[in-house]
Amino acid sequence: QVQLVESGGGMVQPGGSLRLSCAASGRLFSIYVMTWYRQAPGKQRELVARISGSGNTNYADSVKGRFTISRDNAKNTVYLQMNNLKPEDTAVYYCNIESPPYWGKGTLVTVSS
């Protein structure tokens, strides 16, 4: 059983930045494809960013150029650096192991003036 614990959410003004972290338990972290999803109120959960064990990354079009996913395999941690935040980025952000699927409980990001 793998546990994922997200942190770093909060409230920020438009144009601001936040860095989310997700700490994973277990010994196989380095081989997992890790993702960040988000779910805004009244909307479906959507994929934000993805990183392979070797560091290859993919992003949703809506966050390209503003968000950066990274990982530190020595710390069993994946990060999501979010810059130039917009009100439409407001959502609960979830950390995920792609396969086998595990989910964290999420961290709330609110972008508002």
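**Close-up views of side-chain contacts in a predicted model**

**View 1. R66 and D89 are joined by a salt bridge****.** The nitrogen-to-oxygen distance is 2.7 Å. This is a predicted model. The contact spans distant parts of the chain, 23 residues apart. R66 belongs to the loop between β6 (57-59) and β7 (67-72). D89 belongs to the loop between β8 and β9. Both partners, R66 and D89, are buried. Shared partners connect this salt bridge to others, giving one network of R38, E46, R66 and D89.

**View 2. D89 also forms a salt bridge with R38****.** Their closest N and O atoms lie 2.9 Å apart. Again the pair links distant parts of the chain, here 51 residues apart. R38 sits in strand β4, and D89 in the loop between β8 (77-82) and β9 (91-97). D89 has a relative accessible area of 0% and is buried. R38 is buried as well, at 5%. Both D89 and R38 are members of the network that includes E46 and R66. Across the whole structure there are 5 salt bridges.

**View 3. A salt bridge pairs R50 with E98****.** The closest N and O atoms are 2.8 Å apart. R50 lies in strand β5 (residues 46-51), whereas E98 lies in the loop between β9 and β10, so the contact ties together parts 48 residues apart in sequence. Is R50 buried or partly exposed? R50 is partly exposed, because its relative accessible area is 25% and buried means under 20%. E98 also counts as partly exposed, with a relative accessibility of 36%.

**View 4. Y37 and W103 make an edge-to-face aromatic pair****.** The structure contains 2 aromatic pairs, found by a search of the whole model. For Y37 and W103, the ring centres are 5.0 Å apart and the planes meet at 65°. Y37 is in strand β4 (residues 34-39) and W103 in strand β10 (residues 102-103). The two residues are 66 residues apart, and their pair links distant parts of the chain. Y37 is partly exposed, with a relative accessible area of 22%. W103 is partly exposed too, at 38% relative accessibility.

**View 5. W103 also pairs with Y94****.** The ring centres of Y94 and W103 are 6.4 Å apart. Their planes stand at 85°, so this pair is edge-to-face. Why is the pair not counted as stacked or tilted? Planes over 60 degrees apart count as edge-to-face, and the angle here is 85°. Y94 is buried, with a relative accessible area of 13%, whereas W103 is partly exposed. Y37, Y94 and W103 together form one aromatic cluster.

**View 6. R45 places its charged end over the ring of Y94****.** The distance to the ring centre is 3.8 Å. Y94 therefore has two kinds of partner: the charged end of R45 over its ring, and the ring of W103 in an edge-to-face pair. The Y94 side of this contact is buried, at 13% relative accessible area.

**View 7. R19 lies over the face of Y79****.** R19 is 4.0 Å from the centre of the Y79 ring.

Conventions
Residues are numbered from 1 along each chain as its sequence is written. This is a predicted model: local features need pLDDT of at least 70, side-chain atom pairs count only at pLDDT 80 or more; totals for chains, interfaces and linings use all residues. Side-chain values use heavy atoms; hydrogens and water are left out. Rings of Phe, Tyr and Trp (its six-membered ring) pair if their centres lie within 6.5 Å; planes under 30 degrees apart count as stacked, over 60 as edge-to-face and the rest as tilted. Helices (H or I, at least four residues) and strands (E, at least two) are DSSP runs, numbered from the N terminus. Buried means under 20% relative accessible area, exposed over 50%, partly exposed in between (1.4 Å probe, protein chains only). A charge sits over a ring if NZ of Lys or CZ of Arg is within 6 Å of the ring centre and within 35 degrees of the ring normal. A salt bridge is a side-chain nitrogen of Lys or Arg within 4 Å of a carboxyl oxygen of Asp or Glu.
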